[in-house]
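Here is a short note for a colleague opening this model for the first time. Please read it with the structure on screen.

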Amino acid sequence: MINNKIIENCKDELKNYYNNYIKEKKSNNIYLEDKYFNYFLQIIDRFSKQPLSTQEEIFNFLGLSNKNDLVFLNDAIRASSIAQNLITKSGIGKKYWNTIMPFAKTTEQTLENNYQFPQRIALFPGVSCMFYCGFCGRNQSEKYPTSILNESKLTFDKLFSQIRNSTALSISGGLEPLTNPKIGEIISSARNNDIRVPLITNGYSLTENFLKRTPGIWDLDSLRISLYGIDKESYKFITRVEKSFDIVKKNTISFLKLRNINNKNLKFGFNFIVIPENVNQLNGILELVKSINENVDNGRGVDFLTLRDDYQSVTGNDDKFDEERKYKLSTKMDTKVRNILIDKLGEFEINKSKLCPELYVDYGYSLEALYKNIFDKQLIKVTHKEMRNFGFTQMSVAIDLYGDVFVYREAGFLNRKGNKKFIIGRINKNNSLEDVIKKFLKNKKPINYEFQDERFMDSFDHVLTSLVNQAEKDQKFDIPFKKGPILGRIMSNEINLGNNWYTEKN
Ligand SMILES: C[S@@+](CC[C@H](N)C(=O)[O-])C[C@H]1O[C@@H](n2cnc3c(N)ncnc32)[C@H](O)[C@@H]1O
Ligand code: SF4
């Protein structure tokens, strides 16, 4: 059954296209039967909802008995721009499609373990962190020695000079990036190499004084503050720092005023992780944004908000994996909370149009479905058994202040228990990222995974793992991506990784 109204509305147009395609290709007339046109629609519908479906699953789902039929239908879908649009833009899988497409083109290289410069690099330049968020996988007693800062800056300079247009960089953590006194110089160095830089921070150090000392901040493309509550109490519950709310709010206002003077193009937003403890805070975010915007008296306020699920790097995992923590969140998102969340997101949409109509909201992967009033259990996640033997260095790596290269992003916390096996080498003045990755791939020593190692992956790593696994399964089923229904997975056009959380165009 097709319940995607947009696909239903295009049915006549698709039927015309489908019949003409069969005539033009002089395909077997058997395909003119309604049954096949129905399969054609169902494949489009299924991929618009579940982009990570395998060919074998589709084959069984449609009850086909001949793989050639599926290959024919895929060819017809691949050749239709309407079908391609419907798959990638009309359904609840849209966010996944946005992320997946540029990386899907690299699955073959990844499956072959061929070297390719990573498409995405997450840089973790933070020295330490002053917060103790319950869902964060950092080792709360660790910080880097400041004696390495000069060396690290030189290593990063070299890295930036080697990054090409097709690679996206982001600055995050690891720990808290603004604790690096050279953060401004690091941003400017990337910018001078024509790299667009988004940064994510907890915002605690983003004071007016810091901004005076750090003019490089204005070279950012976007700055996102991770919002850990909506008032003093809720903020302290997550961060364990008494004045965290007041300081972050004050910093946000002064940052925005200066942004409107120094670089109007710099986009500013908040990131909010939805956990059972805070589903009631969604409307409070809008009140907070409104109040901040009212205090910014010289132009634009908050541009965007990203809402995210907890990818369970800590919550839901065995306690034995944790170092000493200040506290541990006790609950995990479940069906009951998710149903409440659907209602809350409905209210949120209505209030948004009243309180902050200009605010762009990005619901991330799975919340996108909920906000459209469709139940979606959780993020796409894999277990340690499905993790890739060699990660996917062709697609993504993370690099910390030591220059250590991590295959997964949640592994990139200094001395996080169990993370050593995810370090594939160290970049420095003699050793480039290319050297490190080539050596790792040449060694052919697979990573040895253990129970709950998936906690070292964030949601993006989970999606990439699922994508490479999908490509592998399709290959084994003899219908590889190039014979599948999606043109964008194989088209060799310019790759736009869209490091933006502030527009639909990513
Ligand atoms: C690890 S932090 C590092 C940067 C900085 N300290 C901060 O908090 O923004 C990077 C981002 O990951 C988010 N994050 C941490 N743990 C998470 C989890 N379990 N699920 C989803 N996002 C998480 C943080 O909220 C933040 O937005
Ligand atoms: S999420 Fe960011 S602010 Fe919170 S503890 Fe982790 S590194 Fe620190």
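1. Start in the sheet. I225 stands opposite F270, a residue of strand 5. Keep in mind throughout that this is a predicted model.

2. I225 and F270 belong to a longer pairing. Strand 4 (residues 222–227) and strand 5 run parallel, joined by six bridges. On to the next partner: strand 5 is also joined to strand 6 (residues 304–309) by six bridges, and this pair is parallel too. Here I273 has R308 of strand 6 as its bridge partner.

3. Is strand 5 enclosed or open? Seven of its eight residues are buried, so strand 5 is largely enclosed by the rest of the structure. The cut-off for buried is 20 or more other C-beta atoms within 10 Å.

4. Now look at ligand 1. It has 16 residues around it, and the closest are F135, G173, E176, N202 and S226. Strand 3 (198–201) and strand 5 (267–274) are the elements that give two or more residues to this shell. By type, the shell holds six nonpolar, seven polar and three charged residues.

5. Ligand 2 comes next. Its surroundings are C129, F131, Y132, C133, C136, R138, G173, L175, E176 and N202. Six of these are nonpolar, two polar and two charged. G173, E176 and N202 are also among the closest residues to ligand 1.

6. Check Y204. It sits in the loop between strand 3 and helix 11 (208–213). Why does Y204 count as buried? Y204 has 22 other C-beta atoms within 10 Å, and the cut-off is 20 or more. Leaving aside residues up to four places away in sequence, Y204 touches M130, F131, S244, I247 and V248. F131 also appears in the surroundings of ligand 2. K421 is far along the chain from Y204: they are 217 residues apart in sequence, and their C-alpha atoms are 32 Å apart in space.

7. Step back to the domains. The chain is divided into domain 1 (5–91) and domain 2 (120–371). Their C-alpha centres lie 41 Å apart.

8. Last, helix 3 (residues 34–49). How does its span compare with what is expected? At 1.5 Å a residue, its 16 residues should span 22 Å; the end C-alpha atoms are 23 Å apart, which agrees. Its buried residues include Y36, F40, I43, I44 and F47. Residues three or four places apart on an α-helix point the same way, because there are 3.6 residues a turn. The cover over the buried residues of helix 3 includes helix 1 (5–9), helix 2 (11–24), helix 4 (55–62), helix 5 (67–78) and helix 6 (81–89).

Definitions and conventions. Residues are numbered from 1 along each chain as its sequence is written. Chains are lettered from A and ligands numbered from 1 in the order in which they are written. This is a predicted model: local features need pLDDT of at least 70, side-chain atom pairs count only at pLDDT 80 or more; totals for chains, interfaces and linings use all residues. A residue is near a molecule or strand if its C-beta atom, placed from the backbone, lies within 6 Å of it. Helices (H or I, at least four residues) and strands (E, at least two) are DSSP runs, numbered from the N terminus. Ala, Val, Leu, Ile, Met, Phe, Trp, Tyr, Cys and Pro count as nonpolar, Asp, Glu, Lys and Arg as charged, and the others, Gly among them, as polar. A residue is buried if 20 or more other C-beta atoms lie within 10 Å of its own, exposed if 12 or fewer, and partly exposed in between; C-beta atoms are placed from the backbone. Two residues are in contact if their C-beta atoms, placed from the backbone, lie within 7 Å. The expected span of a helix is 1.5 Å times one less than its number of residues. Domain bounds come from an automatic or database domain assignment. Two strands pair if DSSP finds at least two bridges between them.
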